[in-house]
Amino acid sequence: MIANIVKPGHKTRGVLNYLYGPGRANEHTDPHLVAAWDDFVPDPGRNPDATLGQLAAVLDLRVKQAGSKAPKNHVWHCSIRAAPEDRHLTDDEWAAIARRVLDATGIAPVGDPDACRWVAVRHADDHIHIVATKVRGDLRPPRNWNDFLRADKELVAIEKEYGLRQVPRGDRTAAKRPTRAEQEKARRTGKARTTREHLRTIVRTATSAATTTEEFFQLVEGAGALIDVQYFPSGDVRGYKVALVGDTNAQGEPVWFSGSTLAPDLSYPKIAERLAPATTSLVVPPETTAWRPLAEAVDRMPDHLAGSEDEAGQAHITVLAEALDALPMVAPAGLRPQLGRAAATFERASRSHIRARHEQAQATRRAVKAILREPAPKDGALLAIVLDALLLAVIAAQHWHRARDHHQQAEAARQTSAHLRVAYRAAAAEPLTVLHHQGRQLAQWQLKRQAAAVRQALPDLAERILAEPGWPALAATLNDATTAGHNPAQILARAARHRELDTATELSEVLTWRLKRLPDRAADKPLRSKAAGKDQSVYVPATPRPAQPASPSRNR
């Protein structure tokens, strides 16, 4: 159940005309009062002798009595909507809900004879509108500050008592939605998204790519936006605002948005904090692409989220969002739309009321920025490895948010994982086909040896793995490890201990990518395999490390 309190207006009759009218698309049916401050209020929906003018007049009585002391915008308007799957509430139930919300917000406290005048109108099965005039019987204004938060808190209790769907609540960290005027302007100009949304994407992408604030300003300007940087008298940067080239108001001036109005984490201080100089730099070994350190860094995120303090966990989720923002810039063209949707969806999951301790995630941030400074990998297997690691990290972020009652962020992460699965499937199709073919080419004695390794390492899951379509690809990967001098049962056990497997639907596929993602260590030997016609190095430790705390696996 959701409350929407609109900006106060000054035309009581205008609001009533809409509520009792047909609606913008003739969606209003049987408009009538379900409750009011007085049982004898005229109802134009039920009494043929009552008029909207009479109803507006009795609502505005105290406003006229207050004269110049009445607020200019005296109309308080709140709609309350049930979830689509909720049962249809009766008029009496809606009346009780309206009174509770009015009491909670301070518009009409229970038992207060001087409370504001109000009516609750129903013109659909799933919602009501409450209209009140903000002058009390003693001609003073009501004490209704923070009315939305207080109404929302009351609706949480109502949902539980009435057995309704408990709607995920936010924590006031969501980005501001486009206004109706912005949406209508986008439709008139034939744009798929509003200026606010477009600029938010530009700024977020520039933040993920930049290494300094100066470079951030340059990237924003180079992405088709105007930028105006404000300075203190000392010469230090105070803030910035951005506008789209060609987007103007009625006077022909650019329509500017400050960073903080695009999203809470896009203000200049927040961006400068994330772009603070690192104490160390990322060192990529010779002949190693920057994508491999990224895959290894992202692969460690679930462990960080499971075992670190909240401030550090929030920092890793912020960097995870930066990785998703960066990928559409360098991924193959066919994957960019799906990856763009994943980044846009995860934007809501990137913030919470927990303040991030960004220095805890600087290593991963450097790895993200490094992939933007070299060509995208031509090896599809390496891209699939990165996407597989990102998918696991997003699912871990979903569980992290859910454990802290960040309902909206958890839902955004869940939706993001769906977009990532589509992109992962597309990226992994070719390299998995190649690995599958390699597995089919193995001799029977080689297959038997790798099957024995699976039974030794994972006795409870072995038969399931061996029966899966992805078994040949895993067999080929294990055979490459054996040829390189590794013990296949050891590294398979290590890969299985690194994350729990209970929620995975394709164990063989999950294990294949885990083996290819195991980090390079000083005592490790490189595992080389053929994928998509290219040599690909995959580092596998010679001895397994101790088991890590279990964290969620992907559910493909």
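Glu182 and Arg196 are both buried in this structure, which is a predicted model. The two residues form a salt bridge, and their closest N and O atoms are 2.8 Å apart. Glu182 lies in helix H6 (residues 180-188) and Arg196 in helix H7, so the pair ties together parts that are 14 residues apart in sequence. Side chains of opposite charge can pair when their charged atoms come close.

The count of salt bridges comes to 31. Arg140 pairs with Asp138, again with closest N and O atoms 2.8 Å apart. Here the setting is partly open. Arg140 has 45% relative accessibility and counts as partly exposed. Asp138 has 28% and is also classed as partly exposed.

Another salt bridge sits within a single helix. Glu411 bridges to Arg414, with the closest N and O atoms 2.6 Å apart. Both residues belong to helix H17, and they are 3 residues apart, about one turn of the helix. An α-helix has 3.6 residues a turn, so residues three or four places apart point the same way. Glu411 is partly exposed at a relative accessible area of 30%. Arg414, at 39% relative accessibility, is partly exposed too. Elsewhere, salt bridges that share partners link Arg204, Asp265, Arg274, Glu322, Asp325, Glu347, Arg351 and Arg365 into one network.

Arg365 leads to helix H15, where it is one of the buried residues. Of the 10 residues in H15 (residues 362-371), 9 are buried, so the helix is largely enclosed by the rest of the structure. Charged and nonpolar residues both appear on the buried list, including Arg366, Lys369, Val368 and Ile371. What covers them? The cover includes helix H7 (195-209), helix H10 (268-274), helix H11 (291-299), helix H12 (301-307) and helix H13 (310-330).

Next comes the nonpolar interior. In soluble globular proteins, nonpolar side chains tend to be buried together. The largest nonpolar core has 60 residues, and Phe346, Leu387, Leu390 and Leu420 touch the most other members. H15 is among the elements that give two or more residues to this core, along with H11, H12, H13, helix H14 (336-346), helix H16 (380-403) and helix H17 (407-440). H16 supplies the largest share, 16 residues. Leu420 shows the packing at one point. Leaving aside residues up to four places away in sequence, Leu420 touches Leu324, Leu339, Ala342, Leu387, Leu390, Leu391 and Val394. A second, separate core has 30 residues, including Trp76, Cys78, Ile97 and Leu102.

Aromatic rings form their own groupings. The structure holds 4 aromatic pairs. In one of them, Phe216 and Phe217 are tilted, with 5.5 Å centre to centre and 55° between the planes. Both of these residues are buried. Phe216 and Phe217 also join Tyr240 and Tyr268 in one aromatic cluster.

Now turn to a strand. Strand S2 (residues 32-36) has 5 of its 5 residues buried, so it is largely enclosed by the rest of the structure. S2 pairs with strand S4 (residues 118-122) in the antiparallel sense, over 4 bridges. Within that pairing, Ala35 stands opposite Ala120 in S4.

The last stop is Lys153, in helix H5 (residues 147-162). Is Lys153 buried or exposed? Its relative accessibility is 66%, so Lys153 counts as exposed. Lys153 and Val101 are 52 residues apart in sequence, yet their C-alpha atoms are 9.3 Å apart in space.

Conventions: Residues numbered from 1 in each chain as written. Predicted model: local features only at pLDDT ≥ 70, side-chain atom pairs only at ≥ 80, totals over all residues. Heavy atoms only, no water. Buried < 20%, exposed > 50% of the residue type's maximum accessible area, 1.4 Å probe, protein only. Contact = heavy atoms within 4.5 Å. Pairing = 2+ DSSP bridges. Phe/Tyr/Trp six-rings, centres within 6.5 Å; stacked < 30°, edge-to-face > 60°. Core = buried A, V, L, I, M, F, W, Y, C linked by side-chain atoms within 4.5 Å. Salt bridge = Lys/Arg side-chain N within 4 Å of Asp/Glu carboxyl O.
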